[in-house]
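This report describes the fold of a single protein for a reader working at the bench. Please keep the sequence and the model in view while reading.

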Amino acid sequence: MKEKLTSNLMLKIGSVFVAALLWMVVFNSTDPIEKKNIVLDLKYLNEEALQNENLVLSDGPKTTEIWVQAQRSKLSSITSEDFEATVDLNGRVGTAEDRKTVEINVSAKKNVEWGFASTSSRYPQIVLDKIITKEMELIVVQEGELQEGYQMEQELLTPNPSSITVKGPEKQFSNVASAKVVVDLSKLSDETSYLEVVPILCDSNGQEISISKKDLVISPEVVTISTGVMATKKVSIVLEGITGEVDDEYVLKNTSLSLKEVYIGGTKEEISKIENIVIPKSFVNVEGLKENQSFNYDLQAFCREHGVTLLNKDSNVEIKVEVEALLQKRFQLTSSNIMLRGKNNNYNYRYTNNSVLVTLKGVESELSSFNTDEIRLQADVSNLEIGTHRVVLQVTVKDTLQVVQEVWVEIDITQKTQSNTTNTIDSSSQEVSSELDSEGTVDSTIKESESSTTESEVNATIQSGSLSIQESESVLSSTEKKQ
């Protein structure tokens, strides 16, 4: 009986085993176990341990590859995110170019079977490199063209700071020759005072070097550039005038400016307010000046005051003041050139001296070409009675000349006498009378006699006492001309 029970138990156990085996066979045929490779990014830990020794990881694997094995239904959901591959650099300090063997540690976030693939080693080698730092001046490279009506001050197109610091593995500097910033001029205007640009590293041919930030660190990463772009305008320079008077013995000959117009720059609003640059007359003081003199006006001061920029290189205007010494020259005029104003028709007027001297002061060029016909002499006899009088003459010349001293003449005034002889001579001789009316105009009348008068006839008349001396001189003169 006992043997029979044991036989039945064994039979049941065998049936269960066979059933399980059959289940596994069936299950594996529908959801088999499969294997695949996954590439993991390597993460290096404790890099500061190298940096403290002024070293950096120069070369080493960036990834590692593992295999994973699971049933097909699970395998598809297993990714690289389920693993973490790290390399601990702590304690791996060495010298530059020193190769170090490191260990890759992989941790799985899921309970899955895995192992290193045959293509990857669990113990790779890394290479260390020395960290160096270089300071590099920034070169400004211009591209494009400015918009019409704008100008740029080259000295303002400078980066701030003017240099950058580049830090990284020594090997990475082998191709680095320069650093630059690029400015696109077509995008600039008077409203663009500053630009922020990124420095670029270049090789010896000026071509950009593509280097990741992980390899080389640039500081600062962004620099500021003062563009200096402004609207421009051409304005004239105007001298308002001068103050003071030159020395009495000199005359102001000429005033000239070394610059007549300049270019200014600024915003459109600022330059629209300025039509010209006015040099105030108080700036040029010629009081008592005896020689040529120059005054220098600083245009920068004007521009600063009005908030604009001078674009011309020369910021000074030279104002030349030229003076010329006054000379004196004497001119002799016959007394007959004197015009009498306010004559009394009952009087005879005779000059006791035949000529007068007029001294004029002026520049040599005018005095040398001056004609005495341009001198006008007048004497006021309206209040003079019979007798001899010393009369100061009114001398009129052009404004550029000065009468140096008083000019006078002696006039002898006598009463006119009426006689037949006088009337006869008056009707047969030439008379020239010059009178000034009350308003200073000249009344000249010339009468020609139809018959000639001989000198003997005139002398006979004079002896008879019928003519004044002045009238006799006039008649004699007329007679001589006829002969």
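The sections below proceed from overall composition to sheets, cores and individual residues.

**Basis of the description**

The structure is a predicted model, in which local features need pLDDT of at least 70 and side-chain atom pairs count only at pLDDT 80 or more, while totals for chains, interfaces and linings use all residues. Residues are numbered from 1 along each chain as its sequence is written, and side-chain values use heavy atoms, with hydrogens and water left out.

**Overall composition**

The protein comprises 9 helices and 34 strands; these are DSSP runs numbered from the N terminus, with helices being H or I of at least four residues and strands being E of at least two. Of its 483 residues, 34% are buried. Here buried means under 20% relative accessible area, exposed means over 50%, and partly exposed lies in between (1.4 Å probe, protein chains only). The protein exposes about 29,900 Å², of which carbon and sulfur atoms supply 46%; accessible areas come from the Shrake-Rupley method with a 1.4 Å probe, and for residues only the protein chains shown count as cover. Among contacts with a separation of 6 or more, 76% involve residues 24 or more positions apart, a contact being heavy atoms within 4.5 Å.

**Two open sheets**

Strands of a sheet pair through backbone hydrogen bonds, either parallel or antiparallel. Two strands are taken as paired if DSSP finds at least two bridges between them.

One open sheet of 3 strands has the order β10-β16-β13, with antiparallel pairing. Its edge strands, each pairing on one side only, are β10 (158–160) and β13 (194–197). Neighbouring strands of this sheet are turned by 35° against each other on average, direction ignored; the axes behind such angles are lines fitted to C-alpha atoms, for helices over the stretch in contact, and angles run from 0 to 180 degrees between N-to-C directions. Strand β16 (residues 223–226) has a covered face, V223 and I225, and an uncovered one, T224 and S226.

Another open sheet of 3 strands has the order β26-β32-β29, again with antiparallel pairing. The edge strands here are β26 (347–351) and β29 (387–392), each of which pairs on one side only. From one strand to the next, the twist averages 30°.

The following table lists bridge partners in these sheets and in one parallel strand pair.

| Residue | Bridge partner | Strand of the partner |
|---|---|---|
| N160 | T224 | β16 |
| Y194 | S226 | β16 |
| L195 | I225 | β16 |
| R390 | E410 | β32 |
| I338 | L377 | β28 |

Within the sheet around β16, this strand is joined to β10 by 3 bridges and to β13 by 4 bridges. In the other sheet, β29 and β32 (residues 408–415) run antiparallel and are joined by 6 bridges. Strand β25 (residues 338–341), by contrast, runs parallel to β28 (residues 376–380), with 4 bridges between them. Along β25 the side chains alternate: I338 and L340 point to one face and are buried, whereas M339 and R341 point to the other and are not.

**Nonpolar cores**

A nonpolar core is a set of buried Ala, Val, Leu, Ile, Met, Phe, Trp, Tyr and Cys residues joined through side-chain atoms within 4.5 Å. The largest has 46 residues, and those with the most contacts inside it are I164, L201, V262, Y297, L299 and V317. Leaving aside neighbours within four places in sequence, V317 is in contact with residues including I237, L257, I279, F295, Y297 and L299. A second, separate core of 26 residues includes L333, I375, L377 and I411.

**Individual residues**

L157 lies in the loop between β9 (150–152) and β10. With a relative accessible area of 5%, L157 is buried. Its C-alpha atom is separated by 4.8 Å from that of T227, although the two residues are 70 apart along the chain.

K233 is found in strand β17 (residues 229–239) and, at 21% relative accessibility, counts as partly exposed. Not counting residues up to four places away in sequence, K233 touches V262, Y263, I264, I271, S272, I274 and E275. K233 and G266 are 33 residues apart in sequence and 8.8 Å apart in space, C-alpha to C-alpha.

Two cysteines may be noted: C202 is buried, with a relative accessible area of 1%, and C303 counts as buried at 1% relative accessibility. A search of the whole structure finds 0 disulfides, a disulfide being a pair of cysteine sulfur atoms within 2.5 Å.
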